[in-house]
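Trainee: Could you walk me through one spot inside this protein, slowly? I'd like to see what surrounds it.

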Amino acid sequence: MRLKVAVLAGDGIGPEVTREATNILRAVAELGGHDFTFVEGLIGGIAITETGSPLPTATLDAALDSDAVLLGAVGDNKFNSLPPDKRPEAGLLQIRQALGGFANLRPSVAYSALAASSPLRPEVTKDTDILFVRELLGGLYFGAPRWWNKETNEAINTMRYTRDEVVRVARVAFELASKRRKKVTSVDKANVLEVSQLWRATVTEIAKDYPDVTLEHQLVDSMAMHIMNIPRNFDVVLTENLFGDILSDEAGVITGSLGMLPSATIGGAVNLYEPVHGSAPDIAGTGKANPLGAILTAAMVLRHSANLEQDARAVEQAVLKVLNAGYRTADIARGGENVQLVSTQEMGKHVHQALAESIDRRQAMHAV
């Protein structure tokens with residue numbers, strides 16, 4: 001299997017966690033006999049510092065010439081004085097739009113080993129396995145007009161969707177649900193917003209093509225409560241850009257840390273992969289960052305861009321094994337017996353070792 005990955009480490013803890021994720025991808029390639037190549041590029045604050053742009057042309061060209069893009073994190077408070085379209089976050093929005101991925105997949109899984117890391121009771125989070133499907137190229141983040149008139153103290157953003165935009169992301173959600181527990185929960189604010197009324201009507205229409213999948217609708221405010229009360233009731237959660245951003249971050253409470261959450265953006269010319277957590281510049285370089293979100297993101301690279309499902313599962317099982325063994329970075333080191341606090345790099349090494357053992361065992365079984 002050949003795979004070319006553009007690695008955009010970005011800012012803050014991005015380089016640290018991305019290094020561990022690429023180490024895992026290299027291990028999969030070496031152990032499985034695959035040909036993975038990695039091309040590095042600049043994005044975000046580091047790109048502004050070195051080139052004056054949050055997304056240099058060379059970075060975008062490299063991304064479009066790759067099979068997948070693995071991104072770390074962007075953002076640094078020292079750039080807050082710049083206009084919005086010049087800040088590090090602008091580079092992230094620009095590359096999302098340029099690559100064309102419209103469906104952002106964000107898994108949220110409750111690990112029994114991390115039950116003490118969640119402020120929710122273990123009986124609430126137990127067996128939770130939610131896949132958020134967030135529409136990524138529409139809504140308030142990209143709608144026009146948008147402006148801030150500082151003279152009149154007035155600002156405007158536009159929430160806008162077309163039927164076709166809803167159709168394509170809804171089909172992704174239903175296809176994924178058909179391979180899971182066959183349930184889609186569509187989240188909107190149809191009691192107030194016309195955009196949500198279009199969303200609900202369109203999703204209801206698409207559901208007719210998937211008779212084996214159950215569809216339910218939830219208003220976003222009630223959904224925010226249900227995720228905290230009955231998270232195991234949900235399978236695939238489909239929603240628009242802003243609601244999906246907020247709800248999937250909220251779901252970090254279930255796993256115990258945003259540092260545990262991976263994501264993949266699919267549907268465009270090149271898939272874009274990035275852990276959900278931000279750049280966390282306050283802990284950059286301290287070895288405290290949790291690399292597991294980035295490593296689980298690497299598993300999504302294997303699943304959605306390399307079509308290596310077995311290897312993707314092996315990475316996920318390696319993470320589970322390491323957690324069960326008690327290894328923790330600072331953000332998830334709460335409670336439990338035999339907890340061992342480790343650094344970013346040490347956590348990566350433990351996952352690497354567990355992965356190597358798993359793949360060696362699998363290969364040995366095939367050879368028998």
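**A close look inside**

Mentor: Sure, start at Leu292: skipping neighbours within four places in sequence, Leu292 is in contact (heavy atoms within 4.5 Å) with Gly259, Met260, Val319, Leu323, Ile332, Met347 and Val351. Keep in mind that this is a predicted model, where local features need pLDDT of at least 70, side-chain atom pairs count only at pLDDT 80 or more, and totals for chains, interfaces and linings use all residues. Residues are numbered from 1 along each chain as its sequence is written, and side-chain values use heavy atoms, with hydrogens and water left out.

Now zoom out a bit. The largest nonpolar core (buried Ala, Val, Leu, Ile, Met, Phe, Trp, Tyr and Cys joined through side-chain atoms within 4.5 Å; buried is under 20% relative accessible area with a 1.4 Å probe, protein chains only) has 75 residues. Leu292 is among those that touch the most other members, along with Phe36, Val133, Phe174, Leu238 and Leu355. A separate core has 16 residues, including Val124, Ile130, Phe234 and Ile254.

Next, helix α11 covers residues 292-304 (helices are DSSP runs of H or I, at least four residues, numbered from the N terminus). Its axis comes within 8 Å of that of α1 (residues 14-32), crossing at roughly 40° (axes are fitted to C-alpha atoms over the stretch in contact, with angles from 0 to 180 degrees between N-to-C directions). That's why the two helices, α1 and α11, count as oblique (not under 35 degrees, over 145, or 65 to 115). In this contact, α1 supplies Val17, Glu20, Ala21, Ile24, Leu25 and Val28, while α11 brings Ala294, Ile295, Ala298 and Leu302.

Notes: Buried < 20%, exposed > 50% of the residue type's maximum accessible area, 1.4 Å probe, protein only.
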